Amino acid sequence: MDPLAPAAGVRAPTASPGGTAATRPWAVPAAQVAAALGTDAERGLTTAEAAARLGRVGRNELVQRRRKPPWRLFLEQFTNAMIVVLIVAAVITALLGDLKDTVVILAIVVLNGIVGFVQEYRAEQALDALKRMASPTARVVRDGATILVPAPEVVPGDIVRLDAGDIVTADLRLLEARALRINEAALTGESEPAEKVTDALPDVPEGVLADQRNVAFSGTAVVYGRGAGIVLTTGMATALGRVAELLQEHAGGQTPLQRRLSTLGKGLAGLAFVVCALVFAAGVARGESPETMFLVAVSLAVAAIPEGLPAVVTVALALGARRMARRNALVRKLPAVETLGSVTVICSDKTGTLTENRMLVERAWTPAGAVRVGGDGYAPDGAIEPDPALPSPVVPYAPALDAALDRLARIATACNDATLRAPDRAGGDWAITGDPTEGALLAFAGKRGIFAADLLAEHPRVEEITFDAARRRMTTLHAFEDHVRVASKGALEALAPLLDPVDAPVLAAAEAVARAYAAEGYRVLALAHRDIPSVPADLERAEAHLRLAGLVAMADPPRPASAGSIAACRTAGITPVMITGDHPLTAAAIARRLGILGPGGETLTGAELDGLDDAAFDARVERVAVYARMNPEQKLRIVEAWRGRGAVVAMTGDGVNDAPALRLADIGVAMGITGTEVSKEAADMVLADDDFSTIVHAVEEGRRIYDNIRRFVRYLLTTNSAEVWVMFLAPFLGLPVPLLAVQILWVNLVTDGLPALALGVEPVEPDAMRRPPRPSGESILGAGLWQHALWVGLLMSAVVLVLQAAAIEAGWHWQTMVFTTLALLQLGHALAIRSERTSTFVLGLRSNVPLAVAVGGTLLVQLALIYVPALQPVFLTEALGPEELAIVLVAATAAFVAVEIEKAVLRRRDARRRRDGGGGRASSAAALRPWSRSRRSARTSPNPRGRSTAAPSPG
């Protein structure tokens with residue numbers, strides 16, 4: 001048997017009854033694995049054999065596929081449809097001699113190119129961060145001696161020794177594990193260090209890394225004890241290497257906003273070309289000179305192209321990113337700011353995101369009764385109150401409850417290697433050093449006024465039997481004046497055989513309580529004690545005839561704001577889903593407390609998910625609220641299943657195992673405190689406080705930004721369409737060309753200028769988090785926007801053309817009046833569209849001061865073009881008389897008044913729907929499940945970021 005053949009297949013084993021050393025190394029004895037790999041478990045490989053294997057297998061490194069060179073990444077930023085349109089616009093304005101517009105447009109193009117390049121280049125750094133997790137060296141046994149070798153030279157079959165503080169250099173089948181605990185949170189999602197064993201585990205299914213307790217995985221850290229293992233796989237064949245493969249297979253693509261804007265750009269460019277060709281042809285047919293009409297048509301094309309859109313979007317996203325940063329959400333990729341506003345599903349990690357990422361004692365039971373333990377964090381204060389859910393007392397000879405709790409606390413403090421640290425500054429937090437479980441016990445004891453320093457000073461530890469994964473218990477011995485006290489802690493089933501027979505009634509009650517606690521997702525520890533005359537020669541004899549002091553139930557408690565944030569998600573039409581590496585009972589208990597898992601909700605484990613084909617899983621995915629014991633491939637499958645139903649998915653995570661799903665999701669959210677560097681590099685956004693509620697705040701900001709982008713698009717399309725309609729319809733109505741080329745370009749500058757930018761800072765609407773997310777396939781022109789742009793644009797053009805005809809008939813300065821009226825109609829429209837429902841008079845001007853200043857300033861400049869003699873020949877204007885100006889000002893209010901009437905009609909319609917029980921803007925259950933609307937298209941439309949998604953609507 002080639003010892004290298006099984007090494008390549010270990011990470012993706014093939015199930016077989018009983019397992020083999022090649023396919024299921026955790027399921028068979030270590031000696032069998034060593035034999036399969038051709039290794040002497042005592043002497044290791046020979047130097048010559050190790051060199052030969054290195055030559056055949058390759059170095060123990062993560063291999064990166066060929067990445068795009070930076071120059072290619074940069075050039076690809078200019079292939080987007082909107083950017084191509086802008087480049088064409090820049091060429092046209094240069095030919096017209098309008099160098100100011102040319103410079104502005106090119107600056108926008110270059111700025112967007114740089115932003116896009118930086119974001120895409122940074123996205124490729126995730127694998128580099130993964131590589132940095134590797135240890136530089138390893139202690140291996142070769143030729144019977146332990147030597148230090150560079151980690152890249154470790155080969156399958158090597159015997160690697162591990163001590164506390166080491167980084168595991170490859171996937172190892174453990175041969176020795178002495179109180180060995182390894183922090184695998186980054187890879188498995190487990191919230192506590194894994195207690196390692198050497199026994200075969202034939203019942204553990206493949207793919208569930210957290211349950212493979214006799215395997216140490218590459219990139220994980222030894223936190224306690226020591227051990228040794230035989231190398232199963234190296235480099236890309238390890239579990240860490242599989243994550244690297246997934247990261248490279250699932251590169252990010254366009255966000256919903258980018259896809260919408262690209263579609264919009266193509267549509268507007270095509271429409272502008274057709275309309276301008278018609279204007280040119282109509283003008284020439286009416287007798288205008290071809291040269292004049294060419295300039296007019298080209299100027300109209302420039303006006304119709306939304307060159308200000310990328311700038312407004314970039315500014316809106318940048319301002320939103322700054323606001324998010326103030327609320328602890330750090331944006332790495334600007335489009336992610338808006339994507340949050342589109343989110344319909346949030347797949348959240350449990351530990352540290354929804355919970356506090358620290359174990360705390362919440363319940364305790366003694367023979368005298370049970371209590372609930374309150375308090376915040378590790379601080380030694382908090383209410384301890386009787387627990388009415390459990391009977392008290394349970395045995396007739398039980399001591400008083402206070403005395404029983406003090407005894408429990410003293411045992412928890414004595415049999416403990418952690419340290420409880422007071423705040424090092426005013427207002428700081430209490431903290432622990434050491435194992436989180438032991439720290440939780442110290443915090444509980446502190447709430448009873450019992451501290452380790454005082455107890456150990458009075459009764460020092462004289463002996464101990466350290467915790468061992470096989471024994472599942474720890475025991476310490478402490479000196480008293482005339483005896484030695486034994487303190488033990490561990491799993492109840494591990495202590496039960498050691499209890500004095502007199503404690504049989506107590507044990508029976510404790511077992512019932514332990515089952516009740518475990519069913520609620522708690523981790524349960526039993527504490528016992530006894531007094532002996534002296535320290536025995538055989539220390540384990542001290543553990544005989546123990547008396548059960550009680551049980552403590554620990555959990556990683558939910559963050560105070562998490563439940564409210566989950567409720568806010570549901571109100572906003574967002575489905576929260578928990579994905580964790582923890583035990584399903586623990587995950588389900590926390591999910592119920594938070595409101596994630598409700599009636600009809602399901603919990604699914606990784607093993608159960610592997611048993612479902614795509615069709616069966618697709619039928620269940622909307623009902624599953626909690627996923628437990630998940631590996632990286634399964635997390636990807638969950639994200640893909642939701643996206644296949646048309647959902648816009650946000651994925652949170654902190655571990656290496658989360659990185660592929662973070663990259664695949666529409667928006668990946670990494671944890672800033674507990675997150676690995678790999679997860680941060682793969683994510684679009686990083687939470688500085690690791691708090692789920694921060695995501696909800698960011699969703700609100702994302703909705704605000706998208707609303708503001710839609711305001712600008714509404715403003716842009718309406719006013720630009722008015723310009724096009726005016727120029728298009730005038731010849732057919734027998735009117736002369738209303739505007740000259742320079743006037744068209746100026747009106748376009750007004751449209752895309754300060755008022756447009758000011759719309760990008762409009763405050764969030766009050767109902768932003770009370771309405772459902774927009775459907776993923778909805779065009780940016782959807783929800784009535786294009787209809788608004790059409791009818792208001794036609795209204796504005798009608799006002800202008802009627803005014804033109806009347807002014808010509810009256811002998812007024814008609815062209816200046818038309819020019820000024822069209823510009824001022826746009827300003828009135830900007831004021832009116834600040835909200836789709838709320839009246840501008842209710843909003844007031846002070847709620848968006850930049851817009852008020854922009855409108856006022858633009859009005860003054862427009863008047864200057866009319867009345868400043870130096871500007872009149874430039875823009876071919878004439879001073880208007882008082883009567884002419886009054887008519888212009890009255891006519892210019894038409895758009896403002898019409899839009900305010902439209903909003904009043906919409907408000908009355910919403911109120912009527914609410915009275916009829918429809919619920920207004922979120923009027924049906926279907927509205928809260930927007931991904932369900934486009935299921936058919938979701939299954940057939942390609943998606944650059946995954947297998948499929950809902951197809952965008954045209955436009």
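## A parallel pair inside the mixed sheet

In β23, Val649 is the bridge partner of Val345. That pair belongs to the link between β9 (residues 345-348) and β23 (residues 649-653), two strands that run parallel and are joined by three bridges. Keep in mind that this is a predicted model.

Where do β9 and β23 sit in their sheet? Reading across, the order is β8-β25-β24-β23-β9-β20-β22-β21, an open sheet of eight strands with mixed pairing. At the edges stand β8 (329-331) and β21 (602-605); each has a single partner strand, so one side of each is left without a neighbour in the sheet. Ignoring direction, neighbouring strands here are turned by 20° against each other on average.

## A helix across the strands

Which helix lies across β9 and β23? That would be α23 (residues 632-644), and its contacts also take in β20 (575-579) and β22 (624-628). Against β23, helix α23 runs at about 160°. Angles over 145 degrees count as roughly antiparallel, so α23 is roughly antiparallel to β23.

## The antiparallel sheet

Now for another open sheet of eight strands, this one with antiparallel pairing: β12-β11-β10-β19-β18-β17-β16-β15. Its edge strands are β12 (384-386) and β15 (461-468), and since each pairs with a single partner strand, one side of each is left without a neighbour in the sheet. From one strand to the next, the twist averages 20°.

Zooming in on this sheet, β18 (residues 523-532) and β19 (residues 547-555) run antiparallel and are joined by seven bridges. One bridge to look up in the structure: Val524 has Ala553 of β19 as its partner.

## Two helices side by side

Further along the chain, helix packing takes over as the topic. Two packed helices are described by the angle between their axes and the distance between the axes. For α30 (residues 814-832) and α35 (residues 894-915), the axes come within 7 Å and cross at roughly 25°. That angle makes α30 roughly parallel to α35, the cut-off being under 35 degrees. As for handedness, α30 passes α35 in a right-handed crossing.

Which residues make the contact? From α30 come Leu825, Gly828, His829, Leu831 and Ala832, while α35 supplies Ala894, Ala895, Phe896, Val899, Glu900 and Lys903. Sorted by type, the residues of this contact are seven nonpolar, two polar and two charged. Glu900 and Lys903, both on the α35 side, are the charged ones, and Gly828 and His829 of α30 are the polar ones.

Conventions:
Residues numbered from 1 in each chain as written. Predicted model: local features only at pLDDT ≥ 70, side-chain atom pairs only at ≥ 80, totals over all residues. Heavy atoms only, no water. Axes fitted to C-alpha atoms, helices over the stretch in contact; angles between N-to-C directions. Helix = DSSP H or I, 4+ residues; strand = E, 2+ residues; numbered from the N terminus. Parallel < 35°, antiparallel > 145°, perpendicular 65-115°, else oblique. Left-handed = near helix turned anticlockwise from the far one by under 90°. Contact = heavy atoms within 4.5 Å. Pairing = 2+ DSSP bridges.
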